[in-house]
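User: Please take one part of this model and look at it closely, working outward from a single residue to the packing elsewhere in the chain. I would like one connected account rather than a list.

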Amino acid sequence: RLDADVLLPLFFRVLDQADPSVIAPTLHALTEHIEPGTPMLREALRRPEGRYWACLIAAELGPAADHCVPELIEDPETRLQAWMAVASIGPAAADAVPAAIAALDDPMRAVHYAAAYALGNIGAAEAIEAVEANVASDEARLGAISEWALVKLQSKNREVQLRALRRLTMLARSGDNPTLRAFAVRGLAEIKVDPTMVAPALVD
């Protein structure tokens with residue numbers, strides 16, 4: 001039987017050299033054989049050569065990777081992928097909230113998006129003020145993600161819901177950025193508000 005010291009370097013070397021088309025199916029297949037709480041994934045997150053792939057695996061596992069939260073919020077090198085993994089874990093990643101709030105000021109703009117997304121999925125009420133500070137951002141995607149996160153954090157606040165619907169609908173209609181439009185439509189589909197409010201926006 002191979003232990004982690006032998007298996008992990010071999011596995012990550014294979015991924016580094018693999019054809020991109022086989023990486024996603026390989027990671028997906030691997031997650032089906034990982035037992036919840038397995039120490040191997042935590043060990044992979046501690047290794048520089050494997051951390052990136054381990055973050056992707058944790059994101060695929062979702063809540064079953066909750067035991068990896070301490071390692072996910074530790075290393076700055078893969079923080080974007082790490083916050084996306086935390087977002088997939090959701091409420092079980094509540095211990096990551098203080099670090100996620102701090103990440104809203106990260107020098108890398110993409111990390112802001114991922115941290116706001118994680119806070120919304122975790123449902124951290126203590127993050128409302130920090131997330132709200134980014135709503136007025138002049139960067140369209142950050143402002144929209146922050147609006148979306150606030151809906152998740154204040155699910156019964158109709159004013160917040162309407163504000164997010166207006167913002168996301170406006171972005172979904174923007175003609176010059178298909179990536180932004182796709183993000184806005186996905187955001188409209190994901191926010192848990194009255195379907196009679198969301199459906200007209202999606203139709204538009």
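Analyst:
**A close look, from one residue outward**

Glutamate 71 counts as buried because its relative accessible area is 5%, which lies under the 20% limit used for that term. The model is a predicted one, and the description that follows should be read as an account of that prediction. Glutamate 71 sits in helix 5, and once residues up to four places away in sequence are set aside, the residues it touches are Arg42, Leu45, Arg46 and Arg51. Arginines 42, 46 and 51 are thus among the contacts of this buried glutamate.

Valine 69 also belongs to helix 5, which spans residues 69-72, and this valine is likewise counted as buried because its relative accessibility is 5%. Its contacts, leaving aside neighbours within four places in sequence, are Ile89, Ala93 and Ala96. With isoleucine 89, valine 69 has a separation of 20 residues in sequence, and their C-alpha atoms lie 8.6 Å apart in space.

Further along the chain, aspartate 106 lies in the loop between helix 7, residues 97-103, and helix 8. Although it is in a loop, aspartate 106 counts as buried, because its relative accessibility is 12%. Apart from residues up to four places away in sequence, it touches Arg79, Val111 and His112. His112 provides a link to the next part of the picture, since this histidine is also one of the helix 8 residues that meet helix 10.

Helix 8 (residues 109-122) and helix 10 (residues 140-153) have axes that come within 8 Å and cross at roughly 10°. That angle makes helix 8 roughly parallel to helix 10, and the crossing between them is left-handed. On the helix 8 side, the contact involves Arg109, His112, Tyr113, Ala116, Tyr117, Leu119, Gly120 and Asn121, and on the helix 10 side it involves Arg141, Leu142, Ile145, Trp148, Ala149, Lys152 and Leu153. Sorted by class, the residues of this contact are 9 nonpolar, 3 polar and 3 charged.

Helix 10 also packs against helix 12, which covers residues 178-190, with axes that come within 11 Å and cross at roughly 5°. Helix 10 is therefore roughly parallel to helix 12. Ala140, Arg141, Ala144, Ile145, Trp148 and Lys152 of helix 10 make this contact with Thr179, Leu180, Phe183, Gly187 and Glu190 of helix 12. The class count here is 6 nonpolar, 2 polar and 3 charged residues. Arg141, Ile145, Trp148 and Lys152 of helix 10 are listed both in the contact with helix 8 and in the contact with helix 12.

Helix 11 (residues 158-172) is another partner of helix 10, and the pair packs at an angle of about 145° with axes 9 Å apart. Helix 10 passes helix 11 in a crossing that is left-handed. The residues that meet are Ala140, Gly143, Ala144, Glu147, Leu150 and Val151 from helix 10 and Val160, Gln161, Arg163, Ala164, Arg167, Leu168 and Leu171 from helix 11. By class, this contact has 8 nonpolar, 2 polar and 3 charged residues.

Within helix 10, alanine 144 is a useful residue from which to view these partners. It counts as buried because its relative accessibility is 0%, and beyond its neighbours within four places in sequence it is in contact with Arg167, Leu168, Leu171 and Phe183. Arg167, Leu168 and Leu171 are listed on the helix 11 side of the contact with helix 10, whereas Phe183 belongs to the helix 12 side. Toward helix 8, the C-alpha atom of alanine 144 is separated by 9.4 Å from that of tyrosine 113, a residue 31 positions away along the chain.

These local views can be set against the chain as a whole. The secondary structure comes to 13 helices and 0 strands. Of the 204 residues in the protein, 45% are buried, and glutamate 71, for all that it is a charged residue by class, is counted as buried as well. Among contacts with a separation of 6 or more, 60% join residues that are 24 or more positions apart. The protein exposes about 10700 Å², and carbon and sulfur atoms supply 56% of that area.

Note on methods. Residues are numbered from 1 along each chain as its sequence is written. This is a predicted model: local features need pLDDT of at least 70, side-chain atom pairs count only at pLDDT 80 or more; totals for chains, interfaces and linings use all residues. Side-chain values use heavy atoms; hydrogens and water are left out. Axes are lines fitted to C-alpha atoms, for helices over the stretch in contact, and angles run from 0 to 180 degrees between N-to-C directions. Helices (H or I, at least four residues) and strands (E, at least two) are DSSP runs, numbered from the N terminus. Angles under 35 degrees count as roughly parallel, over 145 as roughly antiparallel, 65 to 115 as roughly perpendicular and the rest as oblique. A crossing is left-handed if the near helix is turned anticlockwise from the far one by less than a right angle, and right-handed if clockwise. Contact means heavy atoms within 4.5 Å. Buried means under 20% relative accessible area, exposed over 50%, partly exposed in between (1.4 Å probe, protein chains only). Accessible areas come from the Shrake-Rupley method with a 1.4 Å probe; for residues, only the protein chains shown count as cover.
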